[in-house]
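Colleague: I keep tripping over the words people use for protein models. Can you take me through some of them, one by one?

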Amino acid sequence: MTTLNIGAEPTSRRAMFWTGWGLSGLLILFMAFDVVLKLLDLPMVADASRQLGLPVELDRVIGVLELVSLALYVWPRTAVLGAILLTAVFGGAIASHLRLFDPWISHTLFGVYLGLFAWGGLWFRSPALRRLLPLANTGV
């Protein structure tokens with residue numbers, strides 16, 4: 001019986017690499033945009049914070065935390081730490097939307113989508129992470 005081992009090195013490492021950076025790139029662009037909005041302290045950010053029940057004074061603090069997490073994610077040597085920290089940020093956003101009973105697909109699960117982009121991008125571009133987290137049963 002032949003088993004599919006998705007975690008094995010693919011025949012086209014280049015395709016995996018660029019798929020990973022494509023997913024990561026989309027996440028990086030979105031998060032960079034979000035960080036800039038928070039650091040500029042725009043009125044729409046303050047309005048969104050009020051709607052979520054967060055103190056407006058924390059907007060810049062959250063923006064700095066996101067910036068540090070994103071910088072760690074972009075740098076290959078610290079990308080896993082950055083993904084972990086970004087996942088924590090996304091978890092906080094999910095909890096905030098759950099608390100308000102916001103719509104699931106458009107609001108509450110948005111943090112899950114971002115997490116999938118972060119970890120999916122990292123998984124595709126990192127052979128070490130694919131070895132650590134294989135997607136197929138190895139038969140053990």
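Here is a chat about the terms and the values behind them.

Modeller: Ground rules: this is a predicted model, where local features need pLDDT of at least 70, side-chain atom pairs count only at pLDDT 80 or more, and totals for chains, interfaces and linings use all residues. Residues are numbered from 1 along each chain as its sequence is written, and side-chain values use heavy atoms, with hydrogens and water left out.

Colleague: How do you know how many helices and strands the chain has?

Modeller: You look for DSSP runs, numbered from the N terminus: a helix is H or I over at least four residues, a strand is E over at least two. By that rule the chain has seven helices and zero strands, so the pattern reads α-α-α-α-α-α-α.

Colleague: Why is Glu 66 called buried?

Modeller: Buried means under 20% relative accessible area, exposed means over 50%, and partly exposed is in between (1.4 Å probe, protein chains only). Glu 66 has 5%, so it counts as buried. You'll find Glu 66 in helix 3, residues 59–74. Across the chain, buried residues make up 31% of the 140 residues.

Colleague: Which residues does Glu 66 touch, leaving aside its neighbours within four places in sequence?

Modeller: Contact means heavy atoms within 4.5 Å. With those neighbours set aside, Glu 66 is in contact with Met 31, Asp 34, Val 35, Lys 38, Leu 86 and Val 89.

Colleague: Asp 34 is on that list. What makes Asp 34 buried?

Modeller: The value for Asp 34 is 18%, and the label needs under 20%, so buried is the right word. Asp 34 lies in helix 1.

Colleague: And what makes the pairing of Asp 34 with Lys 38 a polar contact?

Modeller: The term covers a pair of N or O atoms within 3.5 Å; within protein, one must be able to donate a hydrogen and the other to accept it, and residues adjacent in sequence count only if both atoms are side-chain atoms. The side chains of Asp 34 and Lys 38 come to 2.7 Å, so the distance passes the 3.5 Å limit.

Colleague: What is meant by the largest nonpolar core?

Modeller: A nonpolar core is a set of buried Ala, Val, Leu, Ile, Met, Phe, Trp, Tyr and Cys residues joined through side-chain atoms within 4.5 Å. The largest one here has 15 residues, and those with the most contacts inside it are Leu 27, Met 31, Tyr 73, Leu 86, Phe 90 and Leu 122. Helix 1 (13–39), helix 3, helix 4 (79–99) and helix 6 (110–125) each supply at least two residues of this core. In soluble globular proteins, nonpolar side chains tend to be buried together.

Colleague: Which residues does Leu 27 touch beyond four places in sequence?

Modeller: Among them are Tyr 73, Leu 86 and Phe 90.

Colleague: Why is Phe 101 called exposed, and Asp 41 partly exposed?

Modeller: Phe 101 has a relative accessible area of 75%, over the 50% mark, so it is exposed. Asp 41 comes out at 37%, between 20% and 50%, so it is partly exposed. Phe 101 sits in the loop between helix 4 and helix 5, while Asp 41 is in the loop between helix 1 and helix 2.

Colleague: What is unusual to look for in the phi of Asp 41?

Modeller: Its sign: phi of Asp 41 is near 55 degrees, a positive value in a residue other than glycine. Phe 101 has a positive phi too, about 55 degrees, although it is not a glycine.
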